[in-house]
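Work through the following exercises with the sequence and the model open side by side. Each task is followed by a solution in steps.

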Amino acid sequence: AMNRVQLLGRVGQDPIMRQVEGKNPVTIFSLATNEMWRTGGDSETTQGGEIWHPTLLFLCNLGDISQKTTWHRISVFRPGLRDVTYQYVKKGARIYVEGKIDYGEYTDKNNVRRQATTIIA
């Protein structure tokens, strides 16, 4: 089995470091990834992570460009990487993140059970 994620995007806010009593500290930040595609025109909707040949696409009338932004919660636990991330990663920076997906549950302040998806880098 494999649980591996690769993301390239922009940092949403400066990382914060949290430590719960009795546990190792963690650096947390959000990362935005964008997906772009063209709709309409002569073909069905074409989706992909990037528009690879913008010159060719402008020459052809393929329709309108659509974009979707997805926000990811990134948690860094490894001591060296955690500290470097906290110190040097800043809001707006374009970075590559590799890690695994973790699905978890927690209870919010209103005592409602919530689900959370986190990328563990």
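The exercises below concern a predicted model and cover a pocket, a nonpolar core, strand pairing and one loop residue.

**Exercise 1. The largest pocket**

Task: State the volume of the largest pocket and describe its lining.

Solution:
- Start with the volume, which is about 450 Å³ for the largest pocket.
- Next take the lining, to which 17 residues belong; Val26, Ile28, Arg73, Ser75 and Phe77 are the closest to the pocket centre.
- Then assign the lining to elements. Two or more residues come from each of strand E3 (26-39), strand E5 (64-76), strand E6 (94-107) and strand E7 (113-120).
- E6 contributes the most, with four residues.
- Last, sort the lining by class: seven residues are nonpolar, five are polar and five are charged.

**Exercise 2. The largest nonpolar core**

Task: List the residues of the largest nonpolar core and find which strand supplies the largest share.

Solution:
- The core has twelve residues: Val5, Leu7, Val11, Phe29, Leu31, Ile74, Val76, Val89, Ile95, Val97, Ile119 and Ala121.
- Strand E1 (5-11), E3, E5 and E6 each provide at least two of these core residues.
- The largest share, three residues, belongs to E1.
- To see one core member in place, take Val5. Setting aside neighbours within four places in sequence, Val5 contacts Val97, Glu98, Gly99, Lys100, Ile101 and Ile119.
- Of these contacts, Val97 and Ile119 are also on the core list.

**Exercise 3. The partners of E1**

Task: How many bridges join E1 to E6, and how many join E1 to E3?

Solution:
- E1 and E6 run antiparallel and are joined by six bridges.
- Within this pairing, Leu7 has Val97 of E6 as its bridge partner. Both Leu7 and Val97 belong to the largest nonpolar core.
- E1 and E3 also run antiparallel, with two bridges between them.
- Here, Arg10 has Ala32 of E3 as its bridge partner.

**Exercise 4. A loop residue with positive phi**

Task: Where does Asn111 lie, and is Asn111 buried or exposed?

Solution:
- Locate the residue: Asn111 is in the loop between E6 and E7.
- Check the backbone: phi of Asn111 is near 65 degrees, a positive value in a residue other than glycine.
- Set this against the general pattern, in which most residues other than glycine have a negative phi.
- Compare the accessibility with the cut-off. Exposed means over 50% relative accessible area; Asn111 has 65% relative accessibility and therefore counts as exposed.

Definitions and conventions
Residues are numbered from 1 along each chain as its sequence is written. This is a predicted model: local features need pLDDT of at least 70, side-chain atom pairs count only at pLDDT 80 or more; totals for chains, interfaces and linings use all residues. Side-chain values use heavy atoms; hydrogens and water are left out. On a 1 Å grid over the protein atoms alone, a cavity is a set of points where a 1.4 Å probe fits but cannot get out, and a pocket is an open set with protein on both sides within 12 Å along at least five of seven lines; lining residues have an atom within 4 Å of a point. Grid points are joined across faces, edges and corners, and a volume is the space filled by probe spheres set on the points. Ala, Val, Leu, Ile, Met, Phe, Trp, Tyr, Cys and Pro count as nonpolar, Asp, Glu, Lys and Arg as charged, and the others, Gly among them, as polar. A nonpolar core is a set of buried Ala, Val, Leu, Ile, Met, Phe, Trp, Tyr and Cys residues joined through side-chain atoms within 4.5 Å. Buried means under 20% relative accessible area, exposed over 50%, partly exposed in between (1.4 Å probe, protein chains only). Contact means heavy atoms within 4.5 Å. Two strands pair if DSSP finds at least two bridges between them.
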